[in-house]
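Let's take a walk through this model together, one region at a time. Keep the viewer open and follow along.

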Amino acid sequence: MRMTPASPDPKLPPVRINLMSDTQTRPTLAMREAMARAEVGDEQIGDDPTTIALCERVADMLGKEAAVFLPSGTMCNVAATLVHCRPGDEILAHPSAHVLTREGGAHAALGGFQITPLPGENGVFTPETFRAAIQPVSRYSAPQRVVTVEQTANVGGGTIWKKSTLDEITAIARAHKLITHMDGARLMNACVATGVSARDMAEGWDSVWIDFSKGLGAPIGAVIAGTDTFIDEVWRWKQRLGGAMRQSGICAAACLYALDHHIDRLADDHANARTLARGLAQIPGITVNQPETNLIFFDPTATGITTQRMISELRKRGILTGALDHRIRACTHLDVTATMIEETVSAIRDIASKA
Ligand SMILES: *Cc1c(COP(=O)(O)O)cnc(C)c1O
């Protein structure tokens with residue numbers, strides 16, 4: 001088993017349609033120009049004006065006291081639990097959550113925390129499931145410290161946590177003195193799809209972060225927000241983890257540009273996702289989720305083609321998709337047009353018909 005991704009096969013044509021992930025977005029020329037013009041300083045000593053502006057803007061957007069710029073969303077999750085928890089503490093999360101499945105066991109390796117899965121449909125657990133998982137405080141059980149949700153739920157299919165459900169979760173957490181953490185990798189997708197502001201979505205959550213290197217189209221970076229005290233502690237972990245930066249304003253400028261230019265357009269990605277799902281649903285043997293945002297999961301196995309085979313046939317035609325959770329994930333984003341979606345549907349129909 002290779003531990004590193006395979007390098008591109010030289011026999012394959014170049015990728016023309018990249019649906020593998022919204023992390024695949026490339027910075028636009030205008031974004032690169034904003035980066036080139038960025039005023040910079042030394043972020044580690046609190047002296048980079050563009051990074052400071054970004055953090056102030058995101059803190060305000062999310063209705064929190066303060067924020068800090070980190071290299072990745074993963075570091076936001078890891079630094080947050082390192083602040084919130086002590087060794088042996090329990091974190092409650094959906095079994096498909098990034099914290100549990102895709103962070104290399106960081107919460108156990110670095111913090112000594114255990115994650116208890118709270119199952120539920122489409123990456124979302126119910127308030128009842130959460131309530132039922134709460135244990136009376138005793139010397140036998142791990143101290144239950146944090147409940148976390150993923151907005152939107154990635155492997156769940158880009159599912160949106162409704163504002164009303166989020167409110168129920170935070171109310172239960174407060175009643176039992178649990179800390180609330182929102183992994184907002186795609187929070188802005190949820191906001192654009194529902195019309196609920198980021199501030200309202202984040203209301204009542206102790207720590208919240210947004211990712212800039214996904215659908216927002218920046219090359220690097222995520223910003224986590226919370227109270228002044230929490231952010232001070234995140235800064236310490238940022239230093240410890242080696243995430244404190246220098247002229248990070250170059251990257252922060254891309255994030256500021258994304259906030260100005262790449263939020264409303266997420267609606268186009270959602271429309272493209274719906275078109276793709278509609279097209280796939282018409283192909284006999286393909287099952288597909290109804291996307292609420294920009295993630296489409298489909299299963300071609302009933303056509304007689306395995307997911308791996310479908311992925312490799314698509315790749316031969318210059319279309320890149322990814323395997324996730326035994327299905328194929330296609331992700332719409334900044335670099336995917338409506339025409340590319342049409343071409344993808346035709347390609348999948350053609351491959352399925354030859355099964
Ligand atoms: C991508 C992702 C992350 C991690 O973000 P990176 O910036 O890639 O480290 C965390 N949570 C969810 C739900 C994600 O989709």
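A residue counts as buried here when its relative accessible area is under 20%. Keep in mind that what you have on screen is a predicted model. With that cut-off, strand β2 is mostly covered: five of its five residues are buried. Both faces are covered, with A66, V68 and L70 on one side and A67 and F69 on the other.

So much for the residues of β2; now for its neighbours. β2 belongs to an open sheet of seven strands, which run in the order β2-β8-β7-β6-β5-β3-β4 with mixed pairing. The edges are taken by β2 (66-70) and β4 (114-117); each has a single partner strand, so one side of each is left without a neighbour in the sheet. On average, neighbouring strands in this sheet are turned by 20 degrees against each other, ignoring direction. The partner of β2 is β8 (residues 222-226), and the two pair in the antiparallel sense over five bridges. If you want a spot to click on, A67 has A225 in β8 as its bridge partner. Further along the sheet, β3 (residues 90-93) pairs with β5 in the parallel sense over three bridges. There, I91 is matched with V146 of β5.

Next, follow the chain out of β5. T159 sits in the loop between β5 (144-150) and α7 (163-175), and T152 is placed in the loop between β5 and α7 as well. Look at the peptide bond joining Q151 and T152: it is cis, with omega at about -5 degrees. Most residues other than glycine have a negative phi, and most peptide bonds are trans.

Is T159 buried or exposed? At 9% relative accessibility, T159 counts as buried, because the cut-off for buried is under 20%. The side chain of T159 has polar company too: it reaches the backbone oxygen of N122 at 2.8 Å, and one of its polar atoms lies 3.0 Å from the backbone oxygen of G156. Setting aside neighbours within four places in sequence, T159 is in contact with N122, V124, Q151, T152, A153 and E292. Both residues of the cis peptide bond, Q151 and T152, are in that list.

N122 deserves a look of its own. It lies in the loop between β4 and α6 (127-133), and its phi is near 55 degrees, a positive value in a residue other than glycine. N122 counts as partly exposed, at 47% relative accessibility. K177 also has a positive phi, near 60 degrees, and is likewise not a glycine. You'll find K177 in the loop between α7 and β6 (179-184), where it is exposed, with a relative accessible area of 73%.

Now to the ligand. Of the 14 residues around it, G73, T74, D183, D211 and K214 come nearest. A polar backbone atom of G73 is 2.8 Å from an oxygen atom of the ligand. Side chains take part as well: an N or O atom in the side chain of K214 is 2.8 Å from a ligand oxygen, and for the side chain of R186 the distance is 2.9 Å.

There is a second sheet to visit, also open. Its four strands run in the order β9-β10-β13-β12, with antiparallel pairing. The edge strands are β9 (287-288) and β12 (322-324), each pairing on one side only. Within the sheet, β10 (residues 295-299) and β13 (residues 327-331) pair over four bridges in the antiparallel sense, and F298 stands opposite I328 in β13. Two helices go with this sheet. α13 (residues 307-316) packs on it, touching β10, β12 and β13, and its direction makes about 35 degrees with that of β13. α12 (residues 266-281) lies across β9, β10 and β13, at about 15 degrees to β10.

Last stop: the cysteines. How many disulfides does a search of the whole structure find? It finds zero. For C55, the nearest cysteine sulfur is that of C255, 9.2 Å away. The sulfur of C255 has its closest cysteine sulfur in C251, at 7.1 Å, which is too far for a bond because a disulfide needs the two sulfur atoms within 2.5 Å. C55 is buried at a relative accessible area of 10%, and C255 is buried at 0%.

Notes. Residues are numbered from 1 along each chain as its sequence is written. This is a predicted model: local features need pLDDT of at least 70, side-chain atom pairs count only at pLDDT 80 or more; totals for chains, interfaces and linings use all residues. Side-chain values use heavy atoms; hydrogens and water are left out. Two strands pair if DSSP finds at least two bridges between them. Contact means heavy atoms within 4.5 Å. Axes are lines fitted to C-alpha atoms, for helices over the stretch in contact, and angles run from 0 to 180 degrees between N-to-C directions. Buried means under 20% relative accessible area, exposed over 50%, partly exposed in between (1.4 Å probe, protein chains only). A residue is near a molecule or strand if one of its heavy atoms lies within 4 Å of it. A polar contact is a pair of N or O atoms within 3.5 Å; within protein, one must be able to donate a hydrogen and the other to accept it, and residues adjacent in sequence count only if both atoms are side-chain atoms.
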